Amino acid sequence: MGGVMIINGSPRAPKSNSRRYAEIFARYCPVETDYFNLTKRNHRELCDLMGRYTDVLFVFPLYADALPVGFLEFLKVLEANPPVRRPVISILINCGFLEYTQNEIAMQMLRFYCRKNGYRLGAVLELGSGEAILGTPFKYVAVRAIKRLARSVGRGEYCTIRATMPLSKRWFIWASTYYWTRYGRKFGVTQSQMRTPLIEDGRLPDIGG
């Protein structure tokens with residue numbers, strides 16, 4: 001028993017920013033790490049594996065001010081099939097908002113879950129502007145915060161870390177609009193189309209997540 005189990009709870013796990021954050025964490029963690037993508041079919045398998053580790057890191061994006069649906073389903077399975085030896089649960093949550101405080105509702109849900117099910121909550125990183133930050137000059141902000149998280153978990157010196165781009169709201173809105181307009185253009189989606197409900201009902205390509 002030992003090491004850190006990293007579970008990527010993003011719905012787009014193999015192509016997600018959460019995967020990139022997990023890779024940075026593994027690079028700087030002083031103990032051995034094992035990485036897993038959460039899928040619809042491996043919930044029970046991951047539950048069975050958790051007991052082999054002293055720590056588990058959940059990495060995922062904020063979805064509609066809460067947890068991704070697939071990750072919620074996994075937590076239900078975990079509640080019904082807990083490991084005999086419960087690891088310490090640490091969290092790396094990112095949101096597309098500038099304010100990292102937007103993550104707080106999701107964190108309250110996880111704090112309650114850990115208390116109810118007998119897990120110790122370890123280190124937490126709440127990352128704002130997480131959707132695009134790795135592709136900007138402010139990448140260092142995310143890397144520095146994740147490095148602190150990795151050392152915190154690896155050494156068992158758990159703490160809460162919060163980070164975001166050092167921008168005013170006005171500049172962030174301008175920069176995020178520019179980012180998403182360019183991103184949508186790669187998929188043939190215009191800015192005006194992204195502002196309509198068509199993007200939500202499947203009549204336009206899925207470019208987010």
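Glu73 and Lys76 sit three residues apart in helix 3, so about one helical turn separates them. Helices here are DSSP runs of H or I with at least four residues, strands are runs of E with at least two, and both are numbered from the N terminus. The two side chains form a salt bridge, with the closest N and O atoms 3.5 Å apart; the term asks for a side-chain nitrogen of Lys or Arg within 4 Å of a carboxyl oxygen of Asp or Glu. Glu73 is partly exposed at a relative accessible area of 36%, while Lys76, at 52%, counts as exposed. The cut-offs behind these words are under 20% relative accessible area for buried, over 50% for exposed, and partly exposed in between (1.4 Å probe, protein chains only).

A word on the model itself. It is a predicted one, in which local features need pLDDT of at least 70 and side-chain atom pairs count only at pLDDT 80 or more, whereas totals for chains, interfaces and linings use all residues. Residues are numbered from 1 along each chain as its sequence is written, and side-chain values use heavy atoms, with hydrogens and water left out.

As for the overall layout, the protein chain has seven helices and six strands. Going along the sequence, they come in the order β-α-β-α-β-α-β-α-β-α-β-α-α. The chain runs to 209 residues, and 44% of them count as buried. It exposes about 11200 Å², with carbon and sulfur atoms supplying 52% of that area; the areas come from the Shrake-Rupley method with a 1.4 Å probe, and for residues only the protein chains shown count as cover. Among contacts with a separation of 6 or more, 78% are between residues 24 or more positions apart, a contact being heavy atoms within 4.5 Å.

Next, the interior. The largest nonpolar core has 29 residues, and Met5, Phe58, Phe71, Phe74 and Ile91 touch the most other members. Such a core is a set of buried Ala, Val, Leu, Ile, Met, Phe, Trp, Tyr and Cys residues joined through side-chain atoms within 4.5 Å. Two or more residues each come from strand 1 (4–8), helix 2 (43–50), strand 3 (55–61), helix 3 (69–80), strand 4 (88–94) and helix 4 (104–117). Helix 4 gives the most, with five residues. Apart from this core lies another, of 27 residues, which includes Leu92, Ala142, Val143 and Met165. Back in the largest core, Ile91 touches a list of residues that includes Leu57, Phe58, Phe60, Met107, Leu110 and Leu149, leaving out those up to four places away in sequence.

Val4, in strand 1, is buried at a relative accessible area of 1%. Beyond its neighbours within four places in sequence, Val4 is in contact with residues including Phe25, Cys29, Val31, Asp34, Leu57 and Val153. Asp34 is 30 residues away along the chain, yet the C-alpha atoms of Val4 and Asp34 are separated by 6.4 Å. Ser10 follows in the loop between strand 1 and helix 1 (17–28) and is also buried, at 4% relative accessibility. With residues up to four places away set aside, Ser10 touches Ser16, Ser18, Val59, Phe60 and Pro61.

Ala150, for its part, belongs to helix 5 (residues 139–155) and is buried, with a relative accessible area of 0%. Phe25, Tyr28, Cys29 and Pro30 are what Ala150 touches once residues up to four places away are discounted. Leu125, 25 residues from Ala150 in sequence, is 10.0 Å away, C-alpha to C-alpha.

Finally, back to charged pairs. Side chains of opposite charge can pair when their charged atoms come close. The count of salt bridges comes to six. One of them joins Arg44 to Asp48, with the closest N and O atoms 3.5 Å apart. Both residues lie in helix 2, four residues apart, about one turn of the helix, and Arg44 is partly exposed at 47% relative accessibility. Glu126 and Arg162 form a salt bridge too, with their closest N and O atoms 3.8 Å apart. This pair links distant parts of the chain, as Glu126 is in strand 5 (residues 121–127) and Arg162 in strand 6 (residues 160–163), 36 residues apart. Glu126 is buried, with a relative accessible area of 0%, whereas Arg162 is partly exposed at 42%.
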